[in-house]
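Student: Could you walk me through how to read a few features here? I'd like to begin with enclosed space and then move on to strand pairing.

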Amino acid sequence: MQNWIKITELENIPLMGARVIKYEDLEIAIFKTKDGSIYAINNICPHRQGKLSDGLVHEKVVTCPLHNTDVDMISGESIGEEYECTKTYELKIENSLVYLNLK
């Protein structure tokens, strides 16, 4: 089952940065990479609870600002370390509006 919610306009997501969306008890970081791709990932790193939205973005990876581990924004898996995965979310864009699937 899909549960799409409208979260923002595409232009409100900073290039090579993140916009944080809070929905009920969730905090989700929406990232836009250099090539214009966007990704949604739980904003809290499961390892040391760092805010991934404060991390460095490069290609499809964000680096946790607390322990410098790279997290793949597509899969939520840590790269080079065996930490717990971070939840990722599906996004879609319609008429420049960004929708998030909370499934």
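Tutor: Sure, and keep in mind that this is a predicted model. Let's start with the lining of the largest cavity: Cys 45, Pro 46, His 47, His 67, Thr 69, Val 71, Ser 78, Tyr 83, Glu 84 and Thr 86.

Student: What does one do to find such a space in general?

Tutor: Rolling a probe the size of a water molecule over the atoms shows where empty space is left. In this model, one cavity of 30 Å³ or more turns up, and the volume of the largest cavity is about 40 Å³.

Student: How many nonpolar, polar and charged residues does the lining of the largest cavity have?

Tutor: Sorted by class, you get four nonpolar residues, five polar ones and one charged.

Student: Val 71 and Ser 78 are on that lining list. Which strands pair around there, and how many bridges do they have?

Tutor: Look at strand 7 (residues 70-72) and strand 8, which pair antiparallel over two bridges. Within that pairing, Asp 70 sits opposite Ile 79 of strand 8. Zoom out and you find an open sheet of four strands, in the order 5-6-7-8, with antiparallel pairing. Its edges are strand 5 (56-58) and strand 8 (78-79), each of which pairs on one side only.

Student: Now strand 4. Is it mostly covered or exposed?

Tutor: A general idea to start with: in a regular strand the side chains alternate between the two faces of the sheet. As for strand 4 (residues 38-42), four of its five residues are buried, so "mostly covered" is the right reading, taking buried as under 20% relative accessible area.

Student: Which strands does strand 4 pair with?

Tutor: Strand 3 (residues 26-32) joins strand 4 through five bridges, running antiparallel; there, Ile 28 has Asn 42 as its bridge partner. Strand 4 also pairs with strand 9 (residues 88-94), again antiparallel, over two bridges. In that pairing, Ile 41 is matched with Thr 88.

Student: And what pairs with strand 9 through five bridges?

Tutor: That's strand 10 (residues 97-101), in the antiparallel sense. For a landmark, take Lys 92, whose bridge partner in strand 10 is Tyr 99.

Student: Last one: which residues take a positive phi in the hairpins?

Tutor: Check what lies between the strands. The hairpin of strand 3 and strand 4 has five residues there, and Gly 36 takes a positive phi near 90 degrees. With strand 9 and strand 10, two residues lie between the strands, and Asn 95 has a positive phi near 55 degrees.

Terms used: Residues numbered from 1 in each chain as written. Predicted model: local features only at pLDDT ≥ 70, side-chain atom pairs only at ≥ 80, totals over all residues. Heavy atoms only, no water. Buried < 20%, exposed > 50% of the residue type's maximum accessible area, 1.4 Å probe, protein only. Pairing = 2+ DSSP bridges. 1 Å grid on protein atoms, 1.4 Å probe; cavity = no way out; pocket = protein on both sides within 12 Å on 5 of 7 lines; lining within 4 Å. Points joined across faces, edges and corners; volume = space filled by probe spheres on them. Nonpolar A, V, L, I, M, F, W, Y, C, P; charged D, E, K, R; others polar.
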